[in-house]
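Visitor: I'd like a close look at one part of this molecule, please. Could you pick a single residue, show me its surroundings, and then lead me outward from there?

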Amino acid sequence: MRIFFNLLLFLFLQQSYAATYYVSTTGSDVTGNGTVTNPWKTLYKASTNVTEPGNIIHVKAGEYTETLQVILAPGVSLEGEGSNTIIRTTVNKDWGELLSLRSPEGTNGNQEISFLKFDGQNLSTFWGIVVSGRSNVSIHDCSIVDFSDRGVIFDGRNDNNETAPEIFATGNKFYNNIVSNCAAYNTHTGKYGRGCLNIGGQEGMLIYNNTITQNQRPVGYNGFAIKYSNDGYLKGIKIYNNTIIKAPFMGKFGGDEGWDFAIEFWNVLGGMEIYGNTIQGAVDFVKTSKETYDYAVWFHNNKISQQVLNKHYESGLIFEVSTEAVIVEKNIFDKVAGGIIFYSEGNRGISDVTIRQNRFENIGSKNGNGNNGNGINISRGVVMANEASYSINNLSVYDNSFIAAADNSPLYGIEISGAESVEKITIQNNIIKGFIIAPVFANPGFVIDTLLIEKNTLIGNGNNNKPFFIRGAPINYIFKNNKIDASVKSPGFNFKQQVLRPVYYELKAITVPECMAMLALFIALWFCRRENIYTYIPAAGAALIYFLLFLQNGAIIGIFTAACVMALCGYGWRVWLKRDRRGHRIIRITNSSKKDITKQLLLFFAVFLLLYLLQVLLNKNAAISGFAIVSAFVCATILTGTWLITNKKIEGCYWWLLSCIVAIPLFYAAHYLLYSFAL
């Protein structure tokens, strides 16, 4: 009991030291003492006199024009009487703020700023409020309007170095505020977007119940609603129940007349949760990792939408450079061109991403049919230091609906382009409707190790509601138990997109060794037609090139076939060189006997069975794939035909012809149009 009373006494004594000081338009900085009956006239006077932690400066209703920067000491709170308490300043220098809360890193601010209106006077004041190096600072129930460059800055650092702070700011809050027209773009400082609210070096910061609007300036001059500060470095941030409005994008490409971002964050270090927000404009993340958290970004129960379809490209959710451990669920994306976009750069990757139970509605742009968006787009971003590749590992897309805009449909529902390697993509239980060329698209397709497309409802998409691949199909490709809704007619065949574009990308991707191999094969055929032994030199060269290419790609069947062709070239050279005592050729062109034909068939079936079983052993999905059977057939006919040509049997040409006849649809089905046309 004694301890309890001592504690009460201690709390009473602590409270007794805290005091409230007053500022009023009728006060005096000369004779006032800050009491309720004798207040000061300016906030500057109050802030220079009230410095003890726990004290409060109360600004009564009225309009105040400060002539000097107001510096608020740690521990001192500032409060007003609502929107009728208006604070302005005549200080208009660049990189300067009206209200400053700057301290060394790790300072405990333990203070609030509330029920005030900060007025930038029609963009004449550069910044509104800066909180740097301080923790446990709350700004709430305030209006921050019409500042030139930025409205409010929370930064864990106390300098302007663009790197993580030594000590992250913790416990800061920003809630119940109205922020309007406080973010610049394309200013005299260069083409760089600012934020109405800017945060960096924060851990556990809460941002909620705010209305932030940036659409009042001319085209190309509106910054972002929320943006990172000093390269971000953000942990455990929660942003929820806000209304965020950014001016519609009017540029022809990103960076032209600004960007479409309403929110932009760099260096998310885990635990960022964004939910319950209504957002007009894109949300952009650059470099996300989960660090010590269960996830990097959990984006859920938000609505990202435009009022109408824009004729310019409006994005929804964007992940750039590198992306790890992201969950996107139960959101609505409406009237945007790109629902979720991944731009990976500089040999970075996308890993452990889950996209589920979202509604993508009216996806597209106002300009009409064509390449004007996707439900999900994964592609290569800006090339960094000549490092243009990226990888994907474990992407799950399920229980979503992707609905293209009526009469303004994009080409593809889900697009994967430019990856170097893809380990696992699962697309299950989605509704995909109304995309011109295909519900799912990949270029190149051969880099995908495993692609499972299962139990989806596919309605009115091009390519007969089947996925469309350029430059090969996925290695382990499973398309099963999908429901095709035949009541909606699919778009017809598109020669430009389904023939010209694939051929263009194949020509663009073809390598010098591949060209050399194809040329060598044509030369070998020319020599073979003339029964010239030199046919084996270019043939062996082509086989060697293909052997190395297959070895690089890990294609065991190709490696085996190319190695056998090289061995047969060596054997053919030897037997074609043989002469009898008169110098005549021992091996001459002849027809096969019945016994020879039996041997040929036995050889063919033995090789075919061997290659098929090898594929089954190496790839568990090959057993249910007709592609494995056909590819084994083609390789077996090639080897059988090559064996017969070494023995100068006419039937060797027939086996090669049979190989080409089967290989043409095989290459076409495997999405290698160039090889199909060449054969």
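Guide: Let's start with Ile153, which counts as buried because its relative accessibility is 6%; buried means under 20% relative accessible area, exposed over 50%, and partly exposed in between, with a 1.4 Å probe and protein chains only. Before going on, please note that this is a predicted model, in which local features need pLDDT of at least 70 and side-chain atom pairs count only at pLDDT 80 or more, while totals for chains, interfaces and linings use all residues. Residues are numbered from 1 along each chain as its sequence is written, and side-chain values use heavy atoms, with hydrogens and water left out.

Ile153 belongs to strand β11. Strands (E, at least two residues) and helices (H or I, at least four) are DSSP runs numbered from the N terminus. Ignoring residues up to four places away in sequence, Ile153 touches Trp127, Ile129, Val130, Val131, Asn198 and Ser229, where contact means heavy atoms within 4.5 Å. Take Ile129 from that list: Ile153 and Ile129 are 24 residues apart in sequence, while their C-alpha atoms are 6.3 Å apart in space.

Two of these partners, Trp127 and Ser229, lead us to a pocket. The second largest pocket has a volume of about 370 Å³. Its 22 lining residues include Trp127, Arg150, Asn160, Ser229 and Asn230 as the closest to its centre. Here a 1 Å grid is laid over the protein atoms alone: a pocket is an open set of points with protein on both sides within 12 Å along at least five of seven lines, whereas a cavity is a set of points where a 1.4 Å probe fits but cannot get out, and lining residues have an atom within 4 Å of a point. Points are joined across faces, edges and corners, and the volume is the space filled by probe spheres set on them. At least two lining residues come from each of β9 (127-140), β11 (150-155) and β19 (224-228). By class, the lining has 6 nonpolar, 7 polar and 9 charged residues; Ala, Val, Leu, Ile, Met, Phe, Trp, Tyr, Cys and Pro count as nonpolar, Asp, Glu, Lys and Arg as charged, and the others, Gly among them, as polar.

Following the chain past β19, you reach Tyr233 in the loop between β19 and β20 (234-235). Tyr233 is not a glycine, yet its phi is positive at about 60 degrees. Tyr233 is buried because its relative accessible area is 17%. Compare Asn110, in strand β7 (residues 97-114): its phi is also positive, near 50 degrees, in a residue other than glycine, but Asn110 is exposed because its relative accessible area is 54%.

Now for the nonpolar interior. In soluble globular proteins, nonpolar side chains tend to be buried together. The largest nonpolar core here holds 96 residues, with Ile113, Phe118 and Phe265 touching the most other members; such a core is a set of buried Ala, Val, Leu, Ile, Met, Phe, Trp, Tyr and Cys residues joined through side-chain atoms within 4.5 Å. Beyond its neighbours within four places, the contacts of Phe265 include Ile199, Ile226, Tyr228, Leu234 and Phe285. Another core, of 27 residues, lies apart, with Val565, Leu568, Ala628 and Leu639 among its members.

Further along the chain, strand β38 (residues 412-417) holds Tyr412 and Ile414. Tyr412 counts as buried because its relative accessibility is 0%, and Ile414 because its value is 2%. Leaving out neighbours within four places in sequence, Tyr412 contacts Phe435, Ile437 and Arg501, among others, and the contacts of Ile414 include Ile376, Val397, Phe402 and Ile432. Ile414 and Ile432 are 18 residues apart along the chain, with 8.9 Å between their C-alpha atoms.

Finally, let's step back. The protein contains 10 helices and 47 strands, and 53% of its 679 residues count as buried. Among contacts between residues at least 6 apart in sequence, 75% join residues at least 24 apart; the pair of Ile153 and Ile129, with which we began, is 24 apart.
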